[in-house]
Amino acid sequence: MPPITTPKDRLRLALQKSGRLSTDSLDLLKSCGIRVKSPKEKLLLHAENFPIDILFVRDDDIPQLVMDGVCDLGIVGTNVLEEAALERRTNGTAGGYFVERSLDFGGCRLALALPEEKPYAGVKDLQGLRIATSYPQLTRRYLDEQKIKAEVVYLSGSVEIAPRLGLADVICDLVASGSTLEANKLRAVETIFKSTAVLLRNARELAAEKSHALEILLRRLDGVQKAADTKYIMLHAPKASLDQIKKLLPGSENPTILPLAGDDTKVALHAVCSEAVFWETMESLKKAGASSILVLPIEKMML
Ligand code: PRT
Ligand code: ZN
């Protein structure tokens, strides 16, 4: 079979076909203005209005596809990426890649957890135990760093039931809300890795057309991510407390000040805040004399 090569003028991006990262990954493309018709019915889809093709696969295959250059880009959790990278380093088949952007979804942590009733005073208590995990490389690395000798057993799924089945004393699994651990009467005792979804990129230099497309994609992506952290705030402020109110606005420069029809004592203030606007901030603004405070989301930004 001839090697699979990527076209010279279209980027190829690997996405999880069906799972926790799928919707967020597709939503991100959509916010970047990239239209993909009826996803998931096909393995490979061409975006309608951008030079990018999307390959839908299992998340475990994404690091390899990018490292081997079958895809230029991929969206995957750093848990899966680091596990694959460690495995490749062990086998001596490490491929060139780098993390182009961290994304603000898919957050979770890889944690060691043991039955609630089992006493635990510190990592030393793991000595000699049997640990079930889908992440043997990351688990082994942690144990080596901590100089703990323990047996690592690989399970591809349902790791949380391993202690109940007598397969292991401890598990090392992904935790998000913690409800799976709770339902299985387990408690997390150590976080060994913090994960988030990332945009992964093959390290080879891209042909000019692809490089240009990637530049546009990254600029849009930065705009979307920046907009998500940024809010537009509008309020009415008494002229007398305007300076105090301006100081309370999180991460904003030079607000727009407009006269208010029919009221000489007040002005309208509009500002872009580059940091989160919490209820506490709004309460402080109100205390300082502001009224009609509106906080609006920003959809896109280009600075
Ligand atoms: O079929 P495919 O191989 O593509 O998917 P998958 O079943 O291997 O992965 P999937 O879709 O479950 O997760 C994809 C990625 O989402 C993971 O690799 C992580 O990067 C990220 N992610 C974020 C999570 C979680 N949060 C998560 N909570 N992946 C899995 N979980 C599981 C965890 O394994 C445990 O069973 O959810 C359970 C714990 O969740 P809480 O909320 O009860 O703590
Ligand atoms: Zn998977």
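Two residues are said to be in contact when heavy atoms of theirs lie within 4.5 Å, and with that meaning in mind the reader can approach this predicted model by way of its domains. The domain assignment divides the protein chain into domain 1, which is made of residues 7-106 together with 197-227, domain 2, which covers 108-195, and domain 3, which covers 230-297.

Domain 1 and domain 2 can be taken together to begin with. Their centres, taken over C-alpha atoms, are separated by 30 Å, and 10 residues of domain 1 are in contact with 10 residues of domain 2. Between them the two domains bury about 890 Å², of which 52% is on carbon and sulfur atoms. On the side of domain 1, the residues that lose the most area to domain 2 are Asn-79, Glu-83 and Leu-86, and together these account for 57% of what that side buries.

The polar side of this interface can be described in a similar way. Between domain 1 and domain 2 there are 7 residue pairs in polar contact, counted where both residues have pLDDT 80 or more, and 1 salt bridge is found across the interface. Helix α3, residues 78-91, supplies 8 residues, the largest share of the side of domain 1 that touches domain 2. Side chains of opposite charge can pair when their charged atoms come close. One such pair in the model is formed by Arg-141 and Glu-82, whose side chains meet in a salt bridge at 2.9 Å, from N to O.

Over the whole structure, a search finds 12 salt bridges. Among them is the one in which the side chains of Arg-88 and Asp-68 meet at 2.8 Å, again given from N to O. This pair links distant parts of the chain, since Arg-88 belongs to helix α3 whereas Asp-68 lies in the loop between α2 (62-67) and β4 (73-77), the two residues being 20 residues apart.

From here the path leads to strand β7, residues 130-133, which pairs in the parallel sense with strand β8, residues 151-154, over 4 bridges. Within this pairing Ile-131 of the one strand stands opposite Val-152 in β8. To pass from β7 to β8 the chain crosses through helix α4, residues 136-145, and the resulting β-α-β crossover is right-handed. Strand β7 also pairs with strand β9, residues 170-175, in the parallel sense and over 3 bridges, and here Thr-133 stands opposite Cys-172 in β9.

The last stretch of the path concerns strand β12, residues 231-238, where the pairing runs in the antiparallel sense. With strand β14, residues 263-273, β12 pairs in this antiparallel sense over 8 bridges, and the bridge partner of Lys-231 in β14 is Cys-273. With strand β15, residues 291-297, β12 pairs over 5 bridges, likewise in the antiparallel sense, and in β15 the bridge partner of Tyr-232 is Leu-296.

Terms used:
Residues numbered from 1 in each chain as written. Chains lettered and ligands numbered in written order. Predicted model: local features only at pLDDT ≥ 70, side-chain atom pairs only at ≥ 80, totals over all residues. Heavy atoms only, no water. Pairing = 2+ DSSP bridges. Right-handed = clockwise from strand over helix to strand, strands pointing away. Domains from an automatic or database assignment. Buried area = accessible area lost by both parts, 1.4 Å probe. Salt bridge = Lys/Arg side-chain N within 4 Å of Asp/Glu carboxyl O. Polar contact = N/O pair within 3.5 Å; in protein donor to acceptor, adjacent residues only side chain to side chain.
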